[in-house]
Amino acid sequence: MRAALTSELRKWTTTRLWWVLLVIMAAYMAFLAVVMAFSLTLAPTGGTAPVGGVDAALTVYTLGNGLGYVFPLLAGAMSMTSEFRYQTITPSLLGDPRRGVFLGAKLVSAAVIGLAFGVVGTAASVAGGAPILSLRGDGAFLTEGDVLAPVALSVVALAIWAFVGVGVGSLITNQVAAIVVVLAFTQFVEPILRVGFSAVDALEGVAKFLPGAASEALVGASTYASLGMSELLDRWAGALVFLAYGVVLAAIGRWTTLRRDIT
């Protein structure tokens with residue numbers, strides 16, 4: 001396992017894809033944080049801002065998990081699909097034919113790289129939003145434990161998104177198809193489902209178990225929840241549901257894709 005993990009980490013560090021996504025994520029999250037901070041501190045004439053105080057800070061600082069998770073998810077998925085696209089999976093399995101070990105090393109290495117996405121994405125959100133909240137809002141709240149804990153958990157959640165991405169890639173081995181599915185689900189399908197389910201009393205509870213909602217439950221902050229559009233699971237329940245997505249997807253991939261003749 002150690003040799004396989006070293007090999008996988010070397011694959012990450014010798015390719016440009018992950019840090020290109022990382023740079024794009026940093027710029028994107030900083031931009032979104034600026035826009036969101038301005039929006040939350042823009043009070044209507046004679047009124048008050050829609051969200052303020054600690055809730056505003058959490059909404060801005062955890063944007064990485066709320067809106068930027070597509071980047072580590074894509075990185076994790078592409079780390080797996082690239083093996084099939086470029087046929088590097090063949091020499092990988094020739095070096096160590098244990099396919100479970102191969103997949104396990106993929107999952108662990110993706111989580112490690114996912115931490116980099118978490119740190120950079122969350123730092124960019126804080127750097128972009130904190131000055132505006134401090135100048136125009138109720139404050140930056142960067143010394144409050146109620147803010148720092150969700151910010152730290154946002155880093156963890158983004159790492160788990162990369163872990164989940166490997167599970168997606170193990171099921172959808174065609175790289176183009178995996179990218180399309182990830183973008184469609186994160187940018188359209190899940191947001192529509194969350195809004196739609198929240199509007200129907202009988203389905204409102206289902207929205208809590210969607211992967212994005214589960215990750216927000218782990219963090220303890222949600223743009224949807226702050227605007228009164230949905231509720232979240234308890235933190236530990238959300239963490240278990242979120243991790244289950246990655247584990248179940250990877251397990252299915254192990255017993256379907258990785259059972260076939262790779263060559």
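A: On a 1 Å grid over the protein atoms alone, a cavity is a set of points where a 1.4 Å probe fits but cannot get out, a pocket is an open set with protein on both sides within 12 Å along at least five of seven lines, and lining residues have an atom within 4 Å of a point. This is a predicted model, in which local features need pLDDT of at least 70 and side-chain atom pairs count only at pLDDT 80 or more, while totals for chains, interfaces and linings use all residues. Residues are numbered from 1 along each chain as its sequence is written, and side-chain values use heavy atoms, with hydrogens and water left out.

Q: How many cavities of 30 Å³ or more does the structure hold, and which residues line the largest cavity?

A: Rolling a probe the size of a water molecule over the atoms shows where empty space is left. Here there is 1 cavity of 30 Å³ or more. The largest cavity contains about 40 Å³ (the space filled by probe spheres set on grid points joined across faces, edges and corners). Its lining consists of Thr62, Asn65, Gly66, Glu216, Val219, Ala221, Ser222 and Thr223. Helices H4 (63–67) and H10 (211–219), DSSP runs of H or I with at least four residues numbered from the N terminus, each supply at least two of the lining residues.

Q: What is the volume of the largest pocket, and which residues are closest to its centre?

A: The largest pocket has a volume of about 360 Å³. It is lined by 16 residues, of which Lys11, Thr15, Met78, Ser79 and Ser82 are closest to its centre. Helices H1 (2–13), H2 (17–40) and H5 (70–85) each give two or more residues to this lining, and H5 provides the largest share, 5 residues.

Q: At what angle do H7 and H8 pack?

A: Two packed helices are described by the angle between their axes and the distance between the axes. H7 (residues 99–136) and H8 (residues 145–171) pack at about 140 degrees with axes 7 Å apart (lines fitted to C-alpha atoms over the stretch in contact; angles run from 0 to 180 degrees between N-to-C directions). H7 is therefore oblique to H8 (not under 35, over 145 or within 65 to 115 degrees).

Q: How far apart are the axes of H1 and H7?

A: The axes of H1 and H7 lie 8 Å apart, at an angle of about 50 degrees. These two helices are therefore also oblique to each other. Their contact (heavy atoms within 4.5 Å) includes Leu5, Leu9 and Trp12 of H1 and Phe102, Val112 and Ile113 of H7.
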